[in-house]
Every structure is written in C-alpha cells, then in structure tokens.
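Grab your viewer and a notepad. Here are a few short exercises, each with a worked solution.

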Amino acid sequence: MDFYYRKLMGNGTVASKFKLNGNNTSSGTVIHLNQSNVREPLQKESVYETQTQGESADSTDSASMKAVEFPETHHSFNCDRCYKLKKKCLRLYPECENCTKAGASCAYIDRSNKRRKKTNQKVYDDRVNFETESPTFHIVNEKSDSSSRSKGKNDDLVVVHKLVTVSSLLSGEAANRAPDQFKEIQTRHKKPISRPGQSKDTPKEKTMSEILALKSLKQQQKTNLKEEFITMKAIKNELALCFVLNYFHNYGNMYPFINKEKFMENFKKIDFEREMIINLDVYLLMSVGCIIYDYNNDTSFFGEYFSEKAIESIIGILNFGGNNDEEEDFANLTLLMLLTIYAIKIFNVELCWGLNGIISRIIIALDFYKPQAKDENQQKRIFWSIFNLDSELNILLHKPSQLPNFKYIKLEIPSAETFTDDESGASIVKDIHLHKLQYRILDLKLRDCSDAAKVKELSQDLENWRVSTSLVIHNSYSNDTNFQAYISLVNLNYYYLLIELDQLSASESFQFTLQFLSNSFTLLISEPTSNSKPQVLLSVNSLFWYTKLFNVIKYNISSLYELLLLVCNNHVNKNNTQSDLTLKLTDFNSNLQLMLNLLKYLSQNRLKQHPFISKVNACIDSLGSLNLKLLHFNVFSCPHEDKKSLLEEVDIIRSTLQSSI
C-alpha cells in the first residue's frame, strides 16, 4: 500500500489516498496497520522482494510520486490573493499558477492561528493507552534492515517497530527519520514551515498604495478580465439597484467612461438575492454606490456586503502595460478609474494619486489622446473621464498634470448626441468644459502668472460656463427632485474656481468664499437624515469637496494675515484705504463665523468615525480661538503691540492649518 496522493490540510492533519499494489515498491518504507495491541512482538515476515538491477520503476508509481505535495514545493495554505477571491489555489511555492497567469504578486500567510483551537499539548510515551488514541503504525526502515541482512542476520531478524502518529507518518517525517529519533512524539501539531524571506512573525499587511507600487514594478502579462470574478453575498435586488443609481447619480456625468444603458442592461440580468459571483466592474461600482448610500442614509451596508480585502486584491489582477487587445485595455482602464473613485470616497489621497499616475502613463503608452481606437466613442468616453479626474485632482493638490500637454491632445470632445437617452449628454459636455477651465487656471497658478488680462479672460469664461450650464440643468432636470442640488453644485464649482483665480489677483475678495460656503450648506442640508426615507441624492462627502473646503479656509487665513500685515506696517494708501480694509475685515469675520458653523455641523451631525474628523476638529479649535480674539478687537484703534500680537497669532494659526490639513 503506497501513497499516490497527499495534501497538507494546514491544521496538523493530512488528507491522503492510497493505492494497493501487489508488487512492493522501492520507497524504502513498508507500513503495517495494527490497531489492536502494538506491544505484541512483530512476527518475522519477508518485507522485501528482490528486484533485478536496471529494472525501471512502474510508470504508475512515478506518476503517483509527482502528485505528492512536499513542504518544499507546496504551501500549507492558499495564497492571499486566491484566499480573498475564493479561488482554488494549487499552493505552489513561490508563486501559484493563478497569480503567475494574472501577473499578480503571490504571497502566502500562515493562517494556522485562525483555524486551530487552543489545546493543551500532550506528551506521548510508552505508557499511553493506545486503544483510546489514534491508530499507530509499525515502521520498517529499509536502510537499517538491509545493513543487518548484509551481515547475515536476515534469517533471525526481528524488525524493531516504533510508534508514530498518523499525521507525522503521512507527512513523511516518520519515514525519513533515523530509528533513534523516534523516542517520543510530543505533539500532534506540526510547526509552521518557514519560507525563504518569511519572518517567524505574521507579516504586516501591505496597504493598497504599497500593493499598487509593487504591482507597477513587476513585469506585466496579458490578462483576461472576463475570467475574473468576485463572490458576493445575497442582497435584495432593490438595494443593489439603489447602490448603482447612487453611483451614476453622483459620478455618471463627471466620469462617463461607463455606458449607463449597456451597464444597466447587463445588471438587470443578475439575481442578487442569492450568493453568486459577479464581474469586477459591477462589484467596484456597487461598492462606491454603497458608500454614498451609507453616508446619506446613516446605514452600514458596506461592511455587510463588500470587503476591503477583495477590492484590494483587484489591484493584483490588473495589467498596467501588457500586450492586451483594445477591449482588454478598455476593461483595465475602467477598473482603474473605478478604483480611483473608490479611493476618493474613502479619502485615500496617496492611493488616488498613485492610481492617477498609472492611468496617465497608460494613456501615454497607448496613445489614447489621439483618435486611433476602433471604438472611438468608447475611447472618447474613457479619455475625457480621465482628463476630468486628472484636472480635478491636480488643481486641488496644486500639482502639474500627468497627462500630455493640452495642445498635444487631438481627440475631440464627444458630442451630446453620442450619449444614450439615460445619460444627459449636454451636462457631460459641460463638465468636460469645466475641467478644461480648471486646466487653464492650474497652468496660470503653477507659472505664478498674475497677468490681469488672462485672469479677466478666465473670469469671463467661467461666468459664461455657469450661465450655459445652469440653462442645461433647467432644461434637463427641472422636474427632478434634485434640481436645486444640481444648481447648488454648479455654483459651488464656479465659486471655488473663482477663489483659486482670486489668489492670482492683486485685490482679493471674500465674497466668493461666502457663496462657496452657502452652496455647501445647501448641499449638506439637502442630504437626508437617518429618519428620512432612503433616497438617491447628490453627496458632497468625498475627498475632493473636503480638500476644497480646507483650501478655502487656508486661503482666507492667508488673506487675513496679509491684511493685518498692511495695517501693522501702516500701508494705508489710495489703493488700500482704511474703509476698504475695514470692509474686508468685516467680510472675513462673517465668513469666519460661517466656516465655524459649517465645521461644527459636520462634526456633530455628519462625521461619525469619519477619516477627516480630526482635521475638522483641528480647524474648529484654531478658528474658534481666532473668532474670540477678533470678536471685540478694533484693529485700527488698538495699540501697535496688540496688532503685532494678533499678527503673530494669525501666523501661528496659518502654519498650524498648513501642517494639519
């Protein structure tokens, strides 16, 4: 009876199958099962058969040996990626076949602590009650026996038998040890196998940003994303539909890389009320929609139906530069865009920036900024979605664009007619024009260009965009329950860009800040409370809006510092009269009070376990102390020492906010 299959289960046991062979093998070990009384002397028996020299081993035997899994070639547990995706893993070391095929990083993590129950270790000796313990075997070692036979002791040979457990026998340890090593077996459980480069302690899990960086350094292989799926728990079809509609309601116009009509056609064919596997893009899109839904309705469905580890594992599947066909390139870029939007919703700046860089490099490598794809409409959808994302992110972080210079982009903006009836083509085109204006403003800021003519031209273009976009909103959403929210969103984007542009102007205005804060309040108040009926609404709870809010706060504190500096240095002249400075300080005090109210509303009502709660509270502390200082402070009538003290305090607050937010 020989092994022809052995699989380490990872918890100290081994699943094994045997084959019965009339011919004795040359494996060197003969096993005799004896579960009755192993203390009885073993009867003399012939355990060897002569085999002629040069005779080849049986083909079935050699094939069976190849199926044996050894610790040197196979890991005890599934790799991390297959474990998260719930795929069958061959557990090959150093990389399994699934990860090698997908070009993903393959890492093995010891999960024995999760599976094993804490049990007291038992020591087995010659006094163990063998009738109540696991079956034992008599092991005959061919090497020791053959040496005895060579000395002429074969006739009266009594084989010395040792007692071993089933798990140690099937793992191959008993057969490979010398006879004097079988004095006692101390435990049933084997120690975890240490691998090259693997520490004894459980390795620290990498963040999504680290996994992304490692993935981008590896040589990419061709992937087929149609063969990649994620298992999802059963969920009501109505709730799944609500997640999808929340996504399209908030990001469908700004990033139109997904054809809503085609997506919904395939989505409605899926029955989510039973556990099943779904495509990666559906899973990612629904996860983003679920985050929006949870925030708006004060629920926690994301932790119930979605897994951060599963989303993290998608990075290992993607191809950042392999020789894919056009369809696979589209699929890769679609998943990368969804991952970036997911990073925006979970406030992960580092991941968002890293993904945006990879997407930009892929666009350049594939020449996607030029008309060349067979499906040019889809190419336009994807490229201009990426352009919008890149422009929005860069102007908020004050970083140069990672896409080619705008004058090199030859791909035309898609016309409104190319979009489906479920999409507002006119609104999508207006969003693209907005981000083109952002690109121009960013260019001026990075060049530190304060050309009054260019600033005035951009201001006029922004005003034209606001008027034309408001008209489109009235025509498209006049009967929509979210009509007022759409108008507020247009005004919010308009006034924020005016604030950015105002930083280049010689005379700054606090009126733009007032309008930005007012429209932000409108959008926040329009969001339902926990007692409201669940709805599909616009949500400003994202990395981009909070970054805009913090930028506005920092700009206002810097402007206050410049005003106080003029007062302290007595730079009151025709261009900066005392009445003008007084009016600006009054406007600032109004904005300061509105900023505090907005931040307190967020802290008390909307930010339960929010990633930015610490930043919001830091702003409340800094601005609250400044508000108390300015409440009864007359800058022009107070002594010069008090002015200087106030200036120093504002400078400290400005530095604190720069470092904390």
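**Exercise 1.** Find where Asp-298 sits in this predicted model, and decide whether Asp-298 counts as buried, exposed or partly exposed.

*Solution.* Start with the place: Asp-298 is in the loop between helix H11 (280-297) and helix H12 (301-305). Next, check the backbone: phi is near 55° for Asp-298, a positive value in a residue other than glycine. Last, the accessibility: Asp-298 comes out at 44%. Buried means under 20% and exposed means over 50%, so Asp-298 is partly exposed.

**Exercise 2.** Look at residues 78-108 and work out what the backbone does at Arg-91 and at the peptide bond from Tyr-93 to Pro-94.

*Solution.* First, the label: UniProt, in an unreviewed entry, puts "domain: Zn(2)-C6 fungal-type" on residues 78-108. That stretch is 39% helix and 0% strand, with its end C-alpha atoms 7 Å apart. Now go to the loop between helix H2 (80-85) and helix H3 (97-102), where you'll find Pro-94. Arg-91 is in the loop between H2 and H3 too. Phi of Arg-91 is near 60°, positive although the residue isn't glycine. Then step along to Tyr-93 and Pro-94: the peptide bond joining them is cis, with omega near 10°. To finish, Arg-91 has a relative accessible area of 4%, so Arg-91 is buried.

**Exercise 3.** Which residues gather with Asp-421 in a patch of negative charge on the surface?

*Solution.* Begin at Asp-421, in the loop between helix H16 (376-397) and helix H17 (425-446). Its relative accessible area is 80%, so Asp-421 is exposed. Then add the partners: Glu-261, Glu-265 and Asp-422 gather with Asp-421 in the patch.

Methods: Residues numbered from 1 in each chain as written. Predicted model: local features only at pLDDT ≥ 70, side-chain atom pairs only at ≥ 80, totals over all residues. Heavy atoms only, no water. Patch = residues over 30% accessible without salt bridge, like charges linked within 9 Å, V, L, I, M, F, W, Y side chains within 5 Å. Areas by Shrake-Rupley, 256 points an atom, 1.4 Å probe, with all protein chains shown as cover. Salt bridge = Lys/Arg side-chain N within 4 Å of Asp/Glu carboxyl O. Lys, Arg positive; Asp, Glu negative; His and termini not counted. Charge placed at Lys NZ, Arg CZ, Asp CG, Glu CD. Helix = DSSP H or I, 4+ residues; strand = E, 2+ residues; numbered from the N terminus. Buried < 20%, exposed > 50% of the residue type's maximum accessible area, 1.4 Å probe, protein only. UniProt positions renumbered as here; feature names shortened; annotations may be inferred.
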